[in-house]
Amino acid sequence: MKALDELTFDNRFARLGDAFSTHVLPEPLDEPRLVVASKAAMALLDLDPAVAETPVFAELFGGHKLWAEAEPRAMVYSGHQFGGYTPQLGDGRGLLLGEVYNEAGEHWDLHLKGAGMTPYSRMGDGRAVLRSSIREFLASEALHALGIPTSRALCVIGSSTPVWREKQERGAMVLRLAHSHIRFGHFEYFYYTKKPEQQAELAEHVLNLHYPECREQPEPYLAMFREIVERNAEMIAKWQAYGFCHGVMNTDNMSILGITFDFGPFAFLDDFDAHFICNHSDHEGRYSFSNQVPIGQWNLSALAQALTPFISVDALKEVLGLYLPLYQAHYLDLMRRRLGLTTAEEDDQTLVEGLLKLMQNSGVDYTLFFRRLGDESATLAVARLRDDFVDMAGFDAWAERYKARVARDGDYTQEQRRERMHAVNPLYILRNYLAQNAIAAAEAGDYSEIRRLHEVLSKPFEEQAGMEQYAQRPPDWGKHLEISCSS
Ligand code: AMP
Ligand code: MG
């Protein structure tokens, strides 16, 4: 276990030079204080969890101090936002402090979000508020615990620095960890600014550091693109299977590693609703829950366009064609497991679709339905769950199909079935209203609720004594909260 001053840096992205990023120092927050830290994320850096409570921790991640070997840089990128191309974006309020490598030999980007103005701040103030920093922290760590690929969050540092949004709030910083912060938008930037040399350098960088196995392939860049397509298909399948709505799937928020990235007005579904839009400035529903699937492909096409200097259009198209079938295979596999099935049958797709349609019409709680389905035998569970459906006859018909399917699936005890289903069906998810409660307490200076919620969500599949209140449907006030997009 390491102390804070024992981290080892190897700043590979910074070495690419000034065409890729700009040296900027963090702007310190006033009276920095620890709001919450993730021990699991600290372990990725081999950090002793006790150091989170030391004053120097809040000073480092509140922008007051810097390691001698850190080289803070604001990265430049561009991207398609809501379908339109924005020629220059970049880290407007985040800094890549450096890359740390751990004892296992993994590199982790240390990215400080809310660190002040940079050359890419445009009209913004370079800051992040406590509310949005807490949301990013909780979401990263909760998604990870669910087995969904994501950037991680080390800590949130709060402060007394005033930050103006719809009202005056307080500034905060979140320290994000990822193996890379390179986005689709990085490739788009060098493609649209017609800088082929830098673009090739970027492609080599990503290939060598993040997809080295693709080097062995006859066409390494094509193999890398294929890998990116596969990872995105799998990530989005997991979002859909667990009811996660990202909210701002612009290409500048899509990671080259296929991890969930840049959390804004995201939400987990409470009631199942395929048309759910979590971002209330998304008037057309471009990023609605069910649209995430085709948008994943749209975003990959935007990346493909930026890769045309390296790969033939025909080859890119062929690989893009793999996205939907791969997505469907992953999604169906997950949904089968959520239903407790261990084998595959032709009709499973319609079994899943039939259930979702019934859930949609009755506003059934998406998470609790699956959890309860595994609590008891299929026969007892559907008999109990029936009451949640308005169209009871429709549900009965589905339940008959389901019971027959379970009977054909195999012969196992209810104990085995429960264990298997509970291992994939969480009891606790990051419901908006739970985050809201934790935020309200934190804004009043009480960090106990966010720490408890983080703890509960770090073991989402495990029933935890005394935590029943985190496994309930939302109260009426918490059902359709409007989450501010300003962050
Ligand atoms: P986002 O919607 O958070 O992914 O941000 C889109 C772009 O706006 C990125 O280039 C951000 O760095 C930038 N940005 C967002 N908020 C701010 C802010 N408060 N100050 C400066 N830049 C910001
Ligand atoms: Mg972003």
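Colleague: Hi! How many residue pairs are in polar contact between domain 1 and domain 2?

Modeller: Hello! This is a predicted model, and the count between domain 1 and domain 2 is 9 residue pairs in polar contact, with both residues at pLDDT 80 or more.

Colleague: Nice. Which elements give two or more residues to the side of domain 1 that touches domain 2?

Modeller: Those are strand S4 (79-81), helix H3 (130-146) and strand S10 (168-178).

Colleague: And which one gives the most?

Modeller: That would be H3, which puts 6 residues into the side of domain 1 that touches domain 2.

Colleague: How do the residues on that side divide into nonpolar, polar and charged?

Modeller: On the side of domain 1 that touches domain 2, 12 are nonpolar, 12 are polar and 5 are charged.

Colleague: Speaking of charge, how many salt bridges are found across the interface of domain 1 and domain 2?

Modeller: The rule finds 2 salt bridges there. As for salt bridges in this model, Arg176 forms one with Asp262, and their closest N and O atoms are 2.7 Å apart.

Colleague: Let's step back. Where do the domains lie along the chain?

Modeller: The domain assignment places domain 1 at 4-181, domain 2 at 200-332 and domain 3 at 339-422.

Colleague: What separates the centres of domain 1 and domain 2?

Modeller: Taken over C-alpha atoms, the centres are 23 Å apart. The contact takes 29 residues from domain 1 and 32 residues from domain 2.

Colleague: One last thing: what area do domain 1 and domain 2 bury between them?

Modeller: They bury about 2,600 Å², and 65% of that is on carbon and sulfur atoms.

Technical notes: Residues are numbered from 1 along each chain as its sequence is written. Chains are lettered from A and ligands numbered from 1 in the order in which they are written. This is a predicted model: local features need pLDDT of at least 70, side-chain atom pairs count only at pLDDT 80 or more; totals for chains, interfaces and linings use all residues. Side-chain values use heavy atoms; hydrogens and water are left out. Domain bounds come from an automatic or database domain assignment. Contact means heavy atoms within 4.5 Å. Buried area is the accessible area (1.4 Å probe) that two parts lose on being put together, summed over both. A salt bridge is a side-chain nitrogen of Lys or Arg within 4 Å of a carboxyl oxygen of Asp or Glu. A polar contact is a pair of N or O atoms within 3.5 Å; within protein, one must be able to donate a hydrogen and the other to accept it, and residues adjacent in sequence count only if both atoms are side-chain atoms. Helices (H or I, at least four residues) and strands (E, at least two) are DSSP runs, numbered from the N terminus. Ala, Val, Leu, Ile, Met, Phe, Trp, Tyr, Cys and Pro count as nonpolar, Asp, Glu, Lys and Arg as charged, and the others, Gly among them, as polar.
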